[in-house]
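Student: I would like a close look at the interior of this protein, taken slowly and in connected prose. Please keep to what can be read from the model itself.

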Amino acid sequence: MVGVRIDLHTHSTESDGTDTPAELVATAVAAGLDAIAITDHDTTAGWAEAERAVRELAPPGGFRLVPGAELSCSCPDGNGRTITVHLLAYLFAPDSAALVAEQSRLRAERRTRLHEMARHMAADGFPIDPDGLMAGLPPDSPGGRPHLARALVDAGTVASVNEAFARFLGGSGRYYLPRTDTPVHRAIEMISDAGGATVLAHPFATARGPVVTEEVVAELAERGLAGIEIDHPDHDPATRERLRGLAGELDLIPTGSSDYHGTNKTIRIGQETTPPDSLDRLIDRCTGSKVIG
């Protein structure tokens, strides 16, 4: 399996990426990847298009698609606060009633939040059309801050999505609004009940904000967390080594991923990858849906 390249964290236009699901598959195939997971925020809307693209673009048996999603969750950080963590959920049944209801709630709240943030910016004189922004989103997609950031780039207000977050949309920015995330224990349970497996995404990426302690990771492992994302663009070498040791201690599946968002970020698809045996271990845990290809 030497040379097999697997990227288990990518986003399409169904959430906050700039590639359509079909373009995401095409980009991965062109980059020489052997497998990717489509992990849009709080939605499985891109699964069908991505699957069709695999059938049309990839040679039989030459490329695999792992259906998944990224879930925003509230979690105690181990230091007396509640913070947001992200779970990557893989190979769950997309028609699970509890999961469908929670994802619908999250998508609706994300869209309301996005419209409110855009409305506040427009009221302050920014060249933003809140209704036009929402009309440009795919139906029922979980609109998010990157869409507003991209609108600010297109209007010439900022030079990049990163600048928009740093100046206006980040957690300490003037136009930031909070949201109500899924409690992390409930999210792990819902995905497990739907036949899937969960991996804690970029857990020690301090540049993103507060992170959980190792003790919290251990507690999540006891509650059913399957894996931990180690090789991620926001983890430096020392952090990766620390996480690798933690994964070994807790018998968590180690993964690596680019967290690709198309042109919304400078990260290349496949920039970080997952060992083939880690994907095999994830697949062995799941009964909710199947790998495509």
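Tutor: What follows is a walk through the interior, from the nonpolar cores to the cavity and then to a strand. The model is a predicted one, and the description should be read with that in mind.

The largest nonpolar core has 46 residues, and within this core L87, L200, V212 and I228 touch the most other members. In soluble globular proteins, nonpolar side chains tend to be buried together. Taking I228 as a vantage point, and leaving aside its neighbours within four places in sequence, one finds this residue in contact with V199, L200, P203 and V217, and also with L243, L246, A247, L252, I253, P254 and T255. There is also a second, separate core, made up of 20 residues, and M117, I128, A151 and L169 are among them.

M117 leads on to the cavity, since M117 also belongs to the lining of the largest cavity, together with R110, R113, L114, G143, G144 and R145. The structure holds one cavity of 30 Å³ or more, and the volume of the largest cavity is about 30 Å³. Helix α3, which spans residues 97-123, supplies the largest share of that lining, namely four residues. By character, the lining residues divide into three charged, two polar and two nonpolar.

Turning finally to strand β1, residues 6-10, one sees that the strand is mostly covered, with five of its five residues buried. Strand β1 runs parallel to strand β2, residues 35-38, and three bridges join the two; along this pairing, D7 stands opposite I36 in β2.

Conventions
Residues numbered from 1 in each chain as written. Predicted model: local features only at pLDDT ≥ 70, side-chain atom pairs only at ≥ 80, totals over all residues. Heavy atoms only, no water. Core = buried A, V, L, I, M, F, W, Y, C linked by side-chain atoms within 4.5 Å. Buried < 20%, exposed > 50% of the residue type's maximum accessible area, 1.4 Å probe, protein only. Contact = heavy atoms within 4.5 Å. 1 Å grid on protein atoms, 1.4 Å probe; cavity = no way out; pocket = protein on both sides within 12 Å on 5 of 7 lines; lining within 4 Å. Points joined across faces, edges and corners; volume = space filled by probe spheres on them. Nonpolar A, V, L, I, M, F, W, Y, C, P; charged D, E, K, R; others polar. Pairing = 2+ DSSP bridges.
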